[in-house]
Amino acid sequence: MTKKINIDTVVTRAGLETDSQHGAVVPPLYLSSNFAFKQFEKEQKYDYTRCGNPTRDILAEALAELEEGFGGTITSSGLSAVGLVANLINANDHVILPHDCYGGTFRLFSMLHDKGYLTAHFIDQSSLEKLEQSIVKIKPRLIWIETPSNPLLQSVDIRAIARLAKTSKALVAVDNTFLSPALQNPLTLGADIVMHSTTKYINGHSDVVGGAVIAKTKKLHDQIQDWANAMGVAGAPFDSYLTLRGLRTLNLRMKTHEKNAMGLAEVLSNNKKVGTVYYPGLESHPSHLIAQKQQKGFGGMLSFELKGGLSAVRKFFKQVEHFSLAESLGGFESLVCHPYTMTHAPLTAKEKKIAGISEGLIRISAGLEDLDDLIDGLKAGLK
Ligand SMILES: Cc1ncc(COP(=O)(O)O)c(C=O)c1O
């Protein structure tokens with residue numbers, strides 16, 4: 001048996017030695033929208049960039065290899081990747097999603113539901129017993145998982161849910177955006193599909209919006225590829241080029257993101273102006289054990305409650321240093337955001353309450369800056 005290649009080697013060497021013309025070490029960027037036919041009536045690998053592009057394919061193959069899937073499809077955004085998976089569902093099919101999934105996923109499946117394209121059920125997946133009852137009752141075609149959740153970093157057991165899904169022949173799709181393939185590989189835990197917003201950790205440089213869908217089997221991959229072509233949602237070659245460049249340092253970056261997140265979580269835990277700190281690396285976090293079991297690391301995202309509520313949040317954002325107030329996550333730069341009014345604004349007050357998102361909650365995407373500087377910046381905000 002050949003030895004499994006380490007993730008660092010996969011991403012470092014993705015696409016190397018593919019330039020047969022000049023031997024360029026970095027694979028060339030093919031911006032061309034079309035490719036000349038070498039011969040009339042003879043099929044060739046590339047003819048039109050919506051259907052296939054060499055630069056995009058290198059990224060797709062690297063991600064498929066990292067996630068241990070059959071094949072990858074690169075899309076124009078994370079949400080178009082979510083939409084591609086939704087296309088696998090037939091009109092009378094039911095879908096189970098987490099009640100606290102990413103707002104855009106919630107909006108898309110709600111809109112498809114309202115149009116009668118599918119029936120979406122948003123439920124709390126943290127209790128396996130309750131989830132099993134829902135699966136038996138609903139008989140879903142698809143179970144959507146997002147673990148860890150945004151912004152409270154709650155993890156669900158992918159392996160256990162995939163086992164339950166088999167009983168109703170449901171497909172299991174996992175949004176792996178928050179951890180990236182460096183820290184979690186859902187296909188190895190029994191999922192059928194992995195979806196990424198490559199906008200986040202995979203690109204990691206906050207200069208591309210993109211997505212990816214990786215399928216475990218050829219059959220699923222072919223269906224997803226067909227839909228990507230039919231809908232025209234393939235990612236642009238230049239975005240693929242940048243994302244591939246970002247991917248080469250993914251593993252290195254994830255280690256620093258995690259080190260900084262852990263350092264910030266510890267400082268916050270010892271500050272009396274701060275209530276609960278949500279970081280799975282802390283033993284106090286309810287998902288600490290499950291995260292330890294199914295993840296290769298705790299990641300770079302954390303949240304915390306400011307005891308003074310919204311007025312304390314306003315002061316914090318005015319005073320904090322070395323963090324930018326912005327949505328998104330997973331880039332080299334440290335960010336703070338207010339889920340209540342920013343990322344989770346589409347949810348009603350009641351939905352936010354159920355999801356545990358209070359007005360005093362602040363989310364941090366720990367970047368790659370020096371940890372001591374980040375701690376000083378955070379302390380300035382908490383003064
Ligand atoms: C967990 C998660 N999934 C999907 C998306 C959608 O990705 P994109 O913004 O690239 O369309 C996001 C974006 O924030 C996200 O955080």
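The exercises below work through a helix, the nonpolar core, the domain contact and one loop residue of a predicted model.

Residues are numbered from 1 along each chain as its sequence is written. In this predicted model, local features need pLDDT of at least 70 and side-chain atom pairs count only at pLDDT 80 or more, while totals for chains, interfaces and linings use all residues.

**Exercise 1.** Determine which residues of helix α6 are buried, and how they are arranged about its axis.

*Solution.* Helices are DSSP runs of H or I with at least four residues, strands are runs of E with at least two, and both are numbered from the N terminus. A residue is buried if 20 or more other C-beta atoms, placed from the backbone, lie within 10 Å of its own, exposed if 12 or fewer do, and partly exposed in between. By this test, the buried residues of α6 (residues 158–167) are Ile158, Ile161, Ala162 and Ala165. Viewed down the axis of α6, these residues fall within an arc of 100 degrees (taken from the directions from the helix axis to the C-beta atoms), so they line one face of the helix. An α-helix has 3.6 residues a turn, so residues three or four places apart point the same way. On the other side of α6, Lys166 and Thr167 are exposed. The buried residues pack against α5 (128–138), β4 (142–146), β5 (171–175) and α10 (288–294), where contact requires C-beta atoms, placed from the backbone, within 7 Å.

**Exercise 2.** Locate the largest nonpolar core relative to the two domains.

*Solution.* A nonpolar core is a set of buried Ala, Val, Leu, Ile, Met, Phe, Trp, Tyr and Cys residues joined through C-beta atoms within 7 Å. The largest one has 104 residues, and Val172, Ala173, Ile193, Val213 and Leu302 have the most contacts inside it. Domain 1 (7–247) and domain 2 (251–382), with bounds from an automatic or database domain assignment, both give residues to this core, so it lies between them. The C-alpha centres of the two domains lie 26 Å apart, and 31 residues of domain 1 are in contact with 36 residues of domain 2. On the domain 1 side of this contact, α1 (7–12), α4 (103–114) and α6 each supply at least two residues.

**Exercise 3.** Describe the setting of His322.

*Solution.* His322 is found in the loop between α11 (309–319) and β10 (324–325). Because 18 other C-beta atoms lie within 10 Å, His322 is partly exposed. Leaving aside neighbours within four places in sequence, His322 is in contact with Ser334, Glu369, Asp373, Leu374 and Gly377.

Technical notes:
Two residues are in contact if their C-beta atoms, placed from the backbone, lie within 7 Å.
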